[in-house]
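Here is a short briefing on one protein chain. Topics follow in bullet form, starting with the core.

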Amino acid sequence: MTAPVDASLLNPIELFMTADWVVKTVMIGLAAAASVWSWTIIIDKAVRFARMNARATEFEKQVESGRSLEDVAAQAGAQPVDPLPRMLVLTLQDWREVRARGAMTDTQGNMLIARIDRALDSVIARESQKIENGLGVLSVVATASPFIGLFGTVWGIMNAFDSIRVAGNTNLTTVAPAIAEALFATAIGLAAAIPAYIAFNAFSVSAGKFTGRLEAFADDLQSAIARRLGAPRPRRRRPRRRLLT
C-alpha cells in the first residue's frame with residue numbers, strides 16, 4: 001500500500017525550504033524580483049494615469065468655460081508641469097512673440113503655425129516617452145516569467161528522477177517532494193506573469209489614449225491660432241476632437 005503523502009507538501013514555505021538551491025533561486029527571482037518589481041510599476045502607473053487624466057479633464061473644463069486662452073494660460077503659470085497647460089503656454093508664447101513684430105503676412109502666419117506644430121510635437125513626443133516608461137519591464141516580466149518558472153519545473157523533475165534512482169522505487173512519497181517543488185516554481189512564474197501581462201496591455205491602451213488626447217488638443221490649439229490669423233484650419237494627420245472655440 002502506498003504511504004500517504006506528507007501534508008507539508010501543500011505548504012508554500014515548506015516547499016521553498018526543502019527545495020534545492022537552483023529551485024530556490026528561481027523562486028526568489030520570480031517572487032522577490034519579477035513580481036514585486038512589476039507590482040511596483042503597476043501601482044505607480046495606475047496612480048499616475050488616474051492623476052494625469054483627472055488633471056487633463058479639469059484643464060479642458062477651464063478651456064471650455066468661455067474664458068480667453070490668455071486667462072487660462074496665466075492661471076496655469078509660466079512653467080506648468082502638466083502637458084496640456086504647457087502646450088497652451090508654449091503656443092501663446094510663440095503667438096505673442098510673432099505678433100509683437102507687427103502685422104503678419106500669410107507666409108509669416110504659415111511659418112508661425114509650422115513652428116507651433118513642431119513645438120507641440122516635441123511636447124507630445126516627450127510626454128509619450130514618460131508615460132510609457134516601465135511598460136517594457138512589464139512586457140519582459142510577462143513573457144520571461146513563465147519560462148523561468150518552467151526552468152525550475154524541469155530542474156525539479158530532474159531531482160524527482162534522481163530520487164527514484166537513489167530510492168530504487170517509484171513510490172509517490174519518493175517523487176512527490178521534488179515534483180511539488182517543480183510545480184510550485186511554475187505557479188510562482190505564472191503568478192508573476194499574468195498580472196504583468198494584463199497590466200501591460202491595459203496601460204498600453206491608456207498610454208495610447210492619453211497621447212491621442214494630447215494630439216487632439218494640439219490640433220485645436222493650431223485651429224485657434226489659425227482662426228486668429230484668418231487662415232484655414234491646418235491639416236494634421238491626427239485624431240480630431242473639438243475643444244477650443
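In the largest nonpolar core, which holds 41 residues, Met87, Leu88, Leu138 and Phe217 touch the most other members. The model is predicted. Its chain has seven helices and zero strands.

**Nonpolar cores**
- Six elements each give two or more residues to the largest core: α2 (21-63), α3 (69-76), α4 (83-99), α5 (106-132), α6 (135-167) and α7 (172-229).
- α7 supplies the largest share of this core, with twelve residues.
- A second core is separate from the largest one and has seven residues.
- Val26, Met27, Ala185 and Ile188 are among the members of that second core.

**Chain overview**
- Read from the N terminus, the order of elements is α-α-α-α-α-α-α.
- The chain has 245 residues, and 40% of them are buried.
- Take the contacts between residues at least 6 apart in sequence: 72% of them join residues at least 24 apart.

**Helix α2**
- α2 is built from 43 residues.
- From its first C-alpha to its last, α2 reaches 61 Å.
- That span is close to the 63 Å expected at 1.5 Å a residue.
- α2 also bends, by about 25°, at leucine 30.

**Packing of α2 with α5**
- The axes of α2 and α5 lie 11 Å apart.
- The angle between these two helices is about 145°.
- On the α2 side, Lys45, Phe49 and Met52 make the contact.
- On the α5 side, the contact residues are Lys130, Ile131 and Glu132.
- Sorted by class, this contact of α2 with α5 has three nonpolar residues, three charged residues and no polar ones.

**Serine 204**
- Serine 204 sits in helix α7.
- Why does serine 204 count as partly exposed? Its relative accessibility is 29%, and the partly exposed class lies between the buried limit of under 20% and the exposed limit of over 50%.
- Which C-alpha separation goes with serine 204 and leucine 135? The two C-alpha atoms are separated by 7.5 Å, although the residues are 69 apart along the chain.

**Recap**
- α7 gives twelve residues to the largest core and also holds serine 204.
- α2 contributes two or more residues to the largest core, packs with α5 at about 145° and bends at leucine 30.

Definitions and conventions
Residues numbered from 1 in each chain as written. Predicted model: local features only at pLDDT ≥ 70, side-chain atom pairs only at ≥ 80, totals over all residues. Heavy atoms only, no water. Core = buried A, V, L, I, M, F, W, Y, C linked by side-chain atoms within 4.5 Å. Buried < 20%, exposed > 50% of the residue type's maximum accessible area, 1.4 Å probe, protein only. Helix = DSSP H or I, 4+ residues; strand = E, 2+ residues; numbered from the N terminus. Axes fitted to C-alpha atoms, helices over the stretch in contact; angles between N-to-C directions. Contact = heavy atoms within 4.5 Å. Nonpolar A, V, L, I, M, F, W, Y, C, P; charged D, E, K, R; others polar. Expected span 1.5 Å × (residues − 1). Bend = angle between axes of the 7 residues up to and from the residue.
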